[in-house]
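Got the viewer open? Let's walk through this one stop by stop, picking a selection each time and looking at what sits there.

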Amino acid sequence: MAKPPEETLDDYAQAKLDALEAQALRRRLVETDRREGAIAYRDGRRLVSFCCNDYLNLSQNQTVKRAAVEATEKYGTGSGASRLVSGNHPLFRTLETRLAGWKQAEDCVVFGSGYMANMGIIPTLVREGDLILADELSHACLLSGSKLSGARVEIFRHNDMAHLESLLAEHRDAAEHCLILTDGIFSMDGDAAPVETMAEIAARHHAWLMTDDAHGIGVVGHEGRGSSFMGKTKAAVPLQMGTLSKAVGAYGGYLCASRAVCDLVRTRARTLIYSTGLPPGTAAAAIAALDVIRANPDYCRRPVEKARAFTRALNLPDPESPIVPL
Ligand SMILES: *Cc1c(COP(=O)(O)O)cnc(C)c1O
């Protein structure tokens, strides 16, 4: 039915908001002054925050902060252009080399954020005629990137490998390429994906596995290297994606993969090509944070140990990550 012509943009927005409010779906930003440790101030109250992703407190680390300030003093606050134009600061290569080495991948590409990484990587790798299989609890940006790609998207029940196999049996043959997507550590439930099993299933069906390790890097796996490193040997995950905005305490997204895949992503991912590179201070902060992590690998075990102390005190099951859903 055509809307009456007198409805203004504001009328429309307000009516939508009212409907969302009525369903308790309206969101509001609350001013929160986050400080050292887990302390936050809200409405004049000093609170202990249990919902922050700065797992290692590296955003407040003196060495990390100094690196950001020094790079900003030297190179300025912004990178000035897309990395493909004039924004490819030498710090990017250093950051990418460190990440690739840590993740035991040939190469790495850094994006403006984790969200932008997924919006760029997925449509670069698959398109109409291809198939994406995603865990039902995958992060919103894996699903947004999937939708944008034009590939057929099938959702499997959370961590249900039998369901994944049955969807592969049903749909794999009709598709040219197939991408399997999952969070390495699930952002809301805190459990881990069975990445070794998934890698084996993917190989058997000629599918490509991509893990989003936003909540894995710095806190799980051997020396905090993430969900691909939770077993005895590294799981065969060809696409290790993640963010620098959580345990790394800075900002930005990354993909660690083979040289060919990274070169293709640099050539085709629209969120890399048409978006300004990270500020030099942010790249420098991420490099310094990775150095702190690598120099103190035991430090990475602490968030899970603290989460375990918490769950034991409350008689909850042992956690697989620092995330404890209540
Ligand atoms: C936070 C998060 C992202 C987004 O990363 P940003 O760098 O904050 O944009 C992507 N995936 C998962 C699983 C996340 O938890």
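Start with rings: across the whole structure, a search turns up one aromatic pair (rings of Phe, Tyr and Trp, the last by its six-membered ring, pair when their centres lie within 6.5 Å; planes under 30 degrees apart are stacked, over 60 edge-to-face, the rest tilted). Select Phe 50 and Phe 310: the ring centres are 5.6 Å apart and the planes sit at 40°, so this pair counts as tilted. The two come from distant parts of the chain, 260 residues apart, with Phe 50 in the loop between β3 (45-48) and α2 (62-75) and Phe 310 in helix α11. Helices here are DSSP runs of H or I with at least four residues, strands are runs of E with at least two, and both are numbered from the N terminus.

Before moving on, a word on what you're looking at. This is a predicted model, where local features need pLDDT of at least 70 and side-chain atom pairs count only at pLDDT 80 or more, while totals for chains, interfaces and linings use all residues. Residues are numbered from 1 along each chain as its sequence is written, and side-chain values use heavy atoms, with hydrogens and water left out.

Keep Phe 50 selected and add Ser 49, Cys 52, Tyr 55 and Pro 322: of the 27 residues lining the largest pocket, these five lie nearest its centre. (On a 1 Å grid over the protein atoms alone, a pocket is an open set of points with protein on both sides within 12 Å along at least five of seven lines; a cavity is a set where a 1.4 Å probe fits but cannot get out; lining residues have an atom within 4 Å of a point.) The volume is about 1000 Å³, meaning the space filled by probe spheres set on the points, which are joined across faces, edges and corners. Now colour helix α11 (residues 302-313), which gives the largest share of this lining, five residues. By class, the lining has 17 nonpolar, six polar and four charged residues (Ala, Val, Leu, Ile, Met, Phe, Trp, Tyr, Cys and Pro are nonpolar; Asp, Glu, Lys and Arg charged; the others, Gly among them, polar).

Next, pick Pro 123, Thr 124, Leu 125, Val 126 and Arg 268, which lie nearest the centre of the second largest pocket. Its volume is about 370 Å³. Which helix gives the most to this lining? That's α4, with five residues.

For a closed space, select β4 (107-111) and α9, which each supply at least two residues of the largest cavity's lining. Among the lining residues are Arg 83, Phe 92, Val 110 and Leu 272, and the volume is about 60 Å³.

Last stop: the ligand. Show the 13 residues around it, with Asp 212, His 215, Thr 243, Ser 245 and Lys 246 the closest (near here means a heavy atom within 4 Å). Ligand oxygen atoms lie 2.7 Å from a side-chain N or O of Thr 243, 2.6 Å from one of Ser 245 and 2.6 Å from one of Lys 246. Taken alone the ligand exposes 370 Å², and the protein buries 88% of that (Shrake-Rupley areas, 1.4 Å probe).

Notes:
A polar contact is a pair of N or O atoms within 3.5 Å; within protein, one must be able to donate a hydrogen and the other to accept it, and residues adjacent in sequence count only if both atoms are side-chain atoms.
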